[in-house]
Amino acid sequence: MLSWFHDLFLGTGIAHSIFVLTLAIAAGVFLGNQLKFKGITLGVTWILFVAIAFSHFGMHLDPQVESFAKDFGLILFVYSIGLQVGPSFFSSFGKGGLKLNMLATAIVGLAVLTTFCIHWITGTDIATMVGVLSGAVTNTPGLGAAQQAWFDMFGSPNPDIATGYAVAYPLGVVGIILS
């Protein structure tokens, strides 16, 4: 009699996937608005934590819905960032922006070099380290690009990239808040 309820939470299909996505987003936004420590909150980062918990307890998405949600979410994220910084991007070059962009490029290069050195010294899988790099600097588009590059090169996804990202992202957020 209550099999529909079980299927909604632990089943498969499009309805289940949309329900899980909606529930994770709603719970994450709610926690982001409610949980504050000395006026500081992790905001929408809670959505990631809720999604990790859901996955742990067996709430998975239909692969086609998951692929669509990843691509669509990344597109919306990058588009909204473009809308936010686009108007001032080119005008910033005249006000010392070129020097700051070169500094940012150097920082990214140093992060890539550090990631490769850690891979080389510890023997940690490079896919995991690329995910850690993206998560540590809270670079969600970098995660998407790394996953797509891996898929294009090897013809199959590598979940270690997302795992590395999920482990490092919370620390990256906390590091940004503390600094």
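Reader: Let's start with the second largest pocket: how do the residues of its lining divide into nonpolar, polar and charged?

Author: Happy to begin there. Rolling a probe the size of a water molecule over the atoms shows where empty space is left. In this predicted model, the lining of the second largest pocket has eight nonpolar and three polar residues, with no charged ones. The volume of that pocket is about 290 Å³.

Reader: Which residues line the second largest pocket, and which helix gives the largest share?

Author: Among the lining residues are L100, A104, I107, V108, A111 and V112, along with L133, S134 and V137. Helix α5 (97–122) and helix α6 (126–136) each contribute at least two residues to the lining. The largest share, six residues, belongs to α5.

Reader: Since α6 has come up, which of its residues are buried, and what do they pack against?

Author: The buried positions in α6 are A127, M129, G131, S134 and G135. They pack against α5, α7 and α8. S134 is thus one to look at twice, being buried in α6 and also part of the lining of the second largest pocket. Have a look just past the end of α6 as well: T138 adopts a positive phi of about 50 degrees there.

Reader: Now the largest pocket. How much space lies in it, and which residues are nearest its centre?

Author: The largest pocket holds about 2,000 Å³ of space. Its lining counts 40 residues, and those nearest the centre are L48, E66, K70, L143 and Q147. By class, the lining comprises 26 nonpolar, 11 polar and three charged residues.

Reader: Which helices supply that lining?

Author: At least two residues each come from α2 (14–34), α3 (45–56), α4 (63–89), α7 (140–154) and α8 (159–178). Helix α4 has the largest share, with 11 residues.

Reader: E66 and K70 both lie nearest the centre of the largest pocket. How should I read the pair they form?

Author: Side chains of opposite charge can pair when their charged atoms come close. Here K70 and E66 form a salt bridge, with 3.5 Å between the closest N and O atoms. A search of the whole structure finds one salt bridge.

Reader: Why are K70 and E66 separated by about one helical turn?

Author: An α-helix has 3.6 residues a turn, so residues three or four places apart point the same way. K70 and E66 are about one turn apart because they sit four residues from each other in helix α4.

Reader: Are K70 and E66 buried, exposed or in between?

Author: Remember that partly exposed covers the range between 20% and 50% relative accessible area. K70 is partly exposed because its relative accessibility is 44%. E66 falls in that class too, at 33%. For another example, try A26 in helix α2, which is partly exposed at 45%. The C-alpha atoms of A26 and I14 are 18 Å apart, with the two positions 12 residues apart along the chain.

Reader: To finish, how many helices and strands does the protein have, and how much of it is buried?

Author: There are eight helices and zero strands. Buried residues account for 18% of the 179 in the protein. The C-alpha atoms fill a box of roughly 65 × 40 × 30 Å along the principal axes. About 12,300 Å² is exposed, and carbon and sulfur atoms supply 74% of that area. Among contacts with a separation of 6 or more, 57% join residues 24 or more positions apart.

Conventions:
Residues numbered from 1 in each chain as written. Predicted model: local features only at pLDDT ≥ 70, side-chain atom pairs only at ≥ 80, totals over all residues. Heavy atoms only, no water. 1 Å grid on protein atoms, 1.4 Å probe; cavity = no way out; pocket = protein on both sides within 12 Å on 5 of 7 lines; lining within 4 Å. Points joined across faces, edges and corners; volume = space filled by probe spheres on them. Nonpolar A, V, L, I, M, F, W, Y, C, P; charged D, E, K, R; others polar. Buried < 20%, exposed > 50% of the residue type's maximum accessible area, 1.4 Å probe, protein only. Contact = heavy atoms within 4.5 Å. Areas by Shrake-Rupley, 256 points an atom, 1.4 Å probe, with all protein chains shown as cover. Salt bridge = Lys/Arg side-chain N within 4 Å of Asp/Glu carboxyl O.
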